[in-house]
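Open the model in a viewer and keep the sequence panel visible. The stops below are given as selections, each followed by what is found there.

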Amino acid sequence: TWTTQFTDRLTADLLAGTQILQSEYHRNYSYGFSFPAPGLEVTGAAAEPTAGETLIAEVNAGVFMQGQFGWDDYLFTTIGARFDQHSAFGTTAGAQFYPKISMSFVPSDMEGWDEIGPVSSLRVRGAIGQSGLQPGAFDQFTTFSPRPSEDGPGVQPANLGNPDLRPEISTEWEVGADFGLLNDRLSLDVTYWDRTVSDVLVPRQ
């Protein structure tokens with residue numbers, strides 16, 4: 001982080017960082033049916049033993065940058081972005097860019113402000129930005145699952161797969177105002193918020 005004052009009227013708070021998250025889930029399990037006698041309750045004693053193993057590993061790396069600029073302590077603008085790469089993204093999808101921008105205007109902090117009726121202070125604000133929901137670790141791959149039968153073992157389709165798989169993107173925006181009333185004894189906050197989701201992640205066969 002870096003806070004500086006470019007001029008008597010213009011200030012800035014700058015922020016940059018990076019993040020790497022790695023998670024690994026490993027599970028071994030076994031179970032069985034038709035045990036020969038009471039007390040023999042381990043998998044190896046069952047007439048129908050089953051064993052399995054699950055291993056899921058994910059890596060997410062991101063870079064974040066943001067700058068907030070203030071003018072005379074009554075007008076503020078924040079611009080930021082995050083650049084993400086995830087092991088669950090499809091091979092052709094590449095990295096994902098999530099921008100954001102917000103503004104805040106406080107006319108009651110300007111010189112010469114006069115109260116408007118009962119309104120003693122006022123702030124008007126707006127913001128728009130994006131965020132993402134990551135796919136599952138193996139959603140991009142075409143997979144098959146075993147299918148036992150009386151005629152012998154076989155396989156069946158499991159996951160359709162999609163090499164172009166991208167994260168689910170949410171675009172959110174809001175506008176609003178904060179009112180201080182009766183010498184700021186009361187406050188009133190009004191906000192309108194909206195979200196649109198694209199590239200929705202749904203299982204498909």
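Select Y31 first. In this predicted model, Y31 has a relative accessible area of 40% and is therefore partly exposed, since that class runs between under 20% for buried and over 50% for exposed. Add F33, which is partly exposed as well, at 48% relative accessibility. The structure contains 4 aromatic pairs. Y31 and F33 make one of them: the ring centres are 5.9 Å apart and the planes meet at 80°, so the pair is edge-to-face.

Now select Y74 and F105. These two rings also form an edge-to-face pair, with 6.1 Å from centre to centre and 65° between the planes. Y74 sits in the loop between strand 3 and strand 4, while F105 belongs to strand 5 (residues 96-105), so the contact ties together parts that are 31 residues apart in sequence. Is Y74 buried or exposed? At 15% relative accessibility, Y74 counts as buried. F105, at 32%, is partly exposed.

Stay in the loop between strand 3 and strand 4 (75-86) and select D72, which lies there. D72 is not a glycine, yet its phi is positive, at about 55°. Its relative accessibility is 28%, so D72 counts as partly exposed.

For another positive phi, go to S34. Which loop holds S34? S34 is in the loop between strand 2 (10-33) and strand 3 (48-71). Its phi is near 65°, again a positive value in a residue other than glycine. S34 has a relative accessible area of 45% and is partly exposed.

Next, colour strands 6, 9 and 10. Strand 6 (residues 119-133) runs antiparallel to strand 9 (residues 168-181), and the two pair over 14 bridges. To find the register, select V119 and L181: L181 in strand 9 is the bridge partner of V119. Strand 9 also pairs with strand 10, in the antiparallel sense and over 13 bridges. Here G180 stands opposite S187 of strand 10. Strands 9 and 10 form a hairpin with 4 residues between them. Select L182 in that turn: its phi is positive, at about 55°.

Follow strand 10 (residues 186-198) to Y192, which is located in it. Y192 has 47% relative accessibility and so counts as partly exposed. Which residues join Y192 in a nonpolar patch on the surface? Select I79, I101, I128, W173 and V175 along with Y192; together these residues have about 530 Å² of accessible area. A surface representation is useful for this selection.

The last stop is L160, in the loop between strand 8 (154-159) and strand 9. L160 is partly exposed, at 42% relative accessibility. What does L160 touch, leaving aside residues up to four places away in sequence? Display F141, T142, R204 and Q205, which are its contacts under that condition. Then select P38 and draw a distance between C-alpha atoms. L160 and P38 are 122 residues apart along the chain, and their C-alpha atoms are separated by 44 Å.

Definitions and conventions:
Residues are numbered from 1 along each chain as its sequence is written. This is a predicted model: local features need pLDDT of at least 70, side-chain atom pairs count only at pLDDT 80 or more; totals for chains, interfaces and linings use all residues. Side-chain values use heavy atoms; hydrogens and water are left out. Patches are made of residues with over 30% relative accessible area and no salt bridge: like charges are joined within 9 Å, nonpolar side chains (Val, Leu, Ile, Met, Phe, Trp, Tyr) within 5 Å. Accessible areas come from the Shrake-Rupley method with a 1.4 Å probe; for residues, only the protein chains shown count as cover. A salt bridge is a side-chain nitrogen of Lys or Arg within 4 Å of a carboxyl oxygen of Asp or Glu. Buried means under 20% relative accessible area, exposed over 50%, partly exposed in between (1.4 Å probe, protein chains only). Two strands pair if DSSP finds at least two bridges between them. Contact means heavy atoms within 4.5 Å. Rings of Phe, Tyr and Trp (its six-membered ring) pair if their centres lie within 6.5 Å; planes under 30 degrees apart count as stacked, over 60 as edge-to-face and the rest as tilted.
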